[in-house]
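Trainee: I should like to go through this structure with you and test each description against its criterion. May I begin with the ligand?

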Amino acid sequence: CSSADDSKTVVIGLAADSGCGKSTFMRRLTSVFGGAAEPPKGGNPDSNTLISDMTTVICLDDYHSLDRTGRKVKGVTALDPRANDFDLMYEQVKALKNGVAVDKPIYNHVTGLLDPPELIKPPKILVIEGLHPMFDSRVRELLDFSIYLDISNEVKFAWKIQRDMAERGHSLESIKASIEARKPDFDAYIDPQKQYADAVIEVLPTQLIPDDNEGKVLRVKLIMKEEVKYFSPVYLFDEGSTISWIPCGRKLTCSYPGIKFAYCPDTYFDNEVSVLEMDGQFDRLDELIYIESHLSNISTKFYGEVTQQMLKHSDFPGSNNGTGLFQTIIGLKIRDLYEQIITSKPGASLEARKA
Ligand code: ADP
């Protein structure tokens, strides 16, 4: 017989446009909880759900109310709220949060049709990832923590070219056209959700190379809201100060264009935030320990855990820059948040705050 606290489902929202690194982030997150997430056993092979001991990740595309043909007929994109069933999304996320299993629909990305539903049991941690986790205020209220991956247009373009041109044989023109076609709905319905996020990972072109337009070297910001229950922002050297740090030299190998960190308090959509920024990329991932030792409030369970996680998944995209580093840190912060919620000891952060 488990106590009431053990049966709590903690709900995390992850929003981003498609092709912006959500599944990579999810692989990093589930790894922090110790276990690769797999599709449900014996179910629909086209299921979008990933299940591990601790986490269940559901893809919000499953709440499309219009299938591919329906969207075509009505002339709406998948980004349009009219193509999504927010009532059902709300009912089912609420049920799971309250410990009740649901029959969740499956949107089949291969056929573009809605398949028969699959049974989802309430997990310890439910992640809802997709285009609209923070769009509907009722769903938003259910989230214990929310993240928005904000990939700038330049970088989105560079990644799309990499994937769609190199791997799928699309033309440069068709990639440009597809990004342009999505933009109005993206700006109207997806982008505004970032104002509600507890943490935003913003990915921009580097400022270390003048007029860089390759999108290979990245400047990544981790924007963390203050005063979020069970979450205390990461900081560099001294909490609340404004810091600029170039760690290259004796302890860190950096080739051109180097690495630059910054940390400062700021405001973001009228909210007080702390911003940690990394521009550039690592040459040697094992030397990340040097950076890690200068960061505080990272919610590690042992010295070097961030570096260990990064080394473990060095083959994932973004492992040599701030995208991988900040995704890993947010994974650790979510583990900390989860552990605080189930023990219901607000403020009892795993890593004692440095005096
Ligand atoms: P999503 O689940 O949002 O569609 P994925 O995690 O599958 O996104 O990533 C889509 C593609 O974007 C990857 O194949 C890769 O080319 C690129 N990508 C994602 N994250 C990064 C990153 N941090 N750095 C470089 N490229 C990335």
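Trainee: What makes the pair formed by a side-chain atom of serine 23 and an oxygen atom of the ligand a polar contact?

Mentor: This is a predicted model, and every value belongs to that prediction. A polar side-chain atom of serine 23 lies 2.5 Å from an oxygen atom of the ligand. The criterion is a pair of N or O atoms within 3.5 Å, so the pair qualifies.

Trainee: Which polar atom of lysine 22 approaches the ligand, one of the backbone or one of the side chain?

Mentor: For lysine 22 the polar atom belongs to the backbone, and it is 2.9 Å from an oxygen atom of the ligand. With threonine 323, an N or O atom of the side chain is 2.8 Å from a nitrogen atom of the ligand. The cut-off of 3.5 Å therefore admits these contacts as well. The ligand has 560 Å² of accessible area on its own, and the protein covers 80% of that area.

Trainee: Which elements give two or more residues to the shell around the ligand?

Mentor: They are α1 (22–32) and α5 (153–167). The largest share, three residues, comes from α1. The shell holds 13 residues, of which Gly19, Lys22, Ser23, Thr24 and Thr323 come nearest to the ligand. By class, three are nonpolar, seven polar and three charged.

Trainee: Why are β2 and β11 said to stand at the edges of the sheet?

Mentor: The sheet is open and has ten strands with mixed pairing, in the order β2-β3-β6-β1-β7-β8-β9-β13-β12-β11. Both β2 (50–51) and β11 (243–245) have a single partner strand, so each has one side without a neighbour in the sheet.

Trainee: How many bridges join β1 and β7, and in what sense do they pair?

Mentor: Strand β1 (residues 10–15) and strand β7 (residues 145–151) are joined by four bridges in the parallel sense. At least two bridges are required, so these strands count as paired. Within this pairing, alanine 15 has tyrosine 148 of β7 as its bridge partner.

Trainee: What makes the peptide bond between tyrosine 256 and proline 257 noteworthy?

Mentor: That bond is cis, with omega about 5°. Proline 257 is in the loop between β11 and β12 (259–268). A further backbone feature is found at aspartate 270, a residue other than glycine whose phi is positive, near 65°. Aspartate 270 is in the loop between β12 and β13 (271–280).

Trainee: Where does pLDDT stay under 50?

Mentor: It does so over residues 345–355, for which the model has 22 contacts beyond four places in sequence. Where pLDDT is low, the predicted coordinates should not be read in detail. For the protein, the mean pLDDT is 91, and 95% of the residues reach 70 or more.

Notes: Residues numbered from 1 in each chain as written. Heavy atoms only, no water. Near = heavy atom within 4 Å. Polar contact = N/O pair within 3.5 Å; in protein donor to acceptor, adjacent residues only side chain to side chain. Areas by Shrake-Rupley, 256 points an atom, 1.4 Å probe, with all protein chains shown as cover. Nonpolar A, V, L, I, M, F, W, Y, C, P; charged D, E, K, R; others polar. pLDDT = per-residue confidence, 0-100. Contact = heavy atoms within 4.5 Å.
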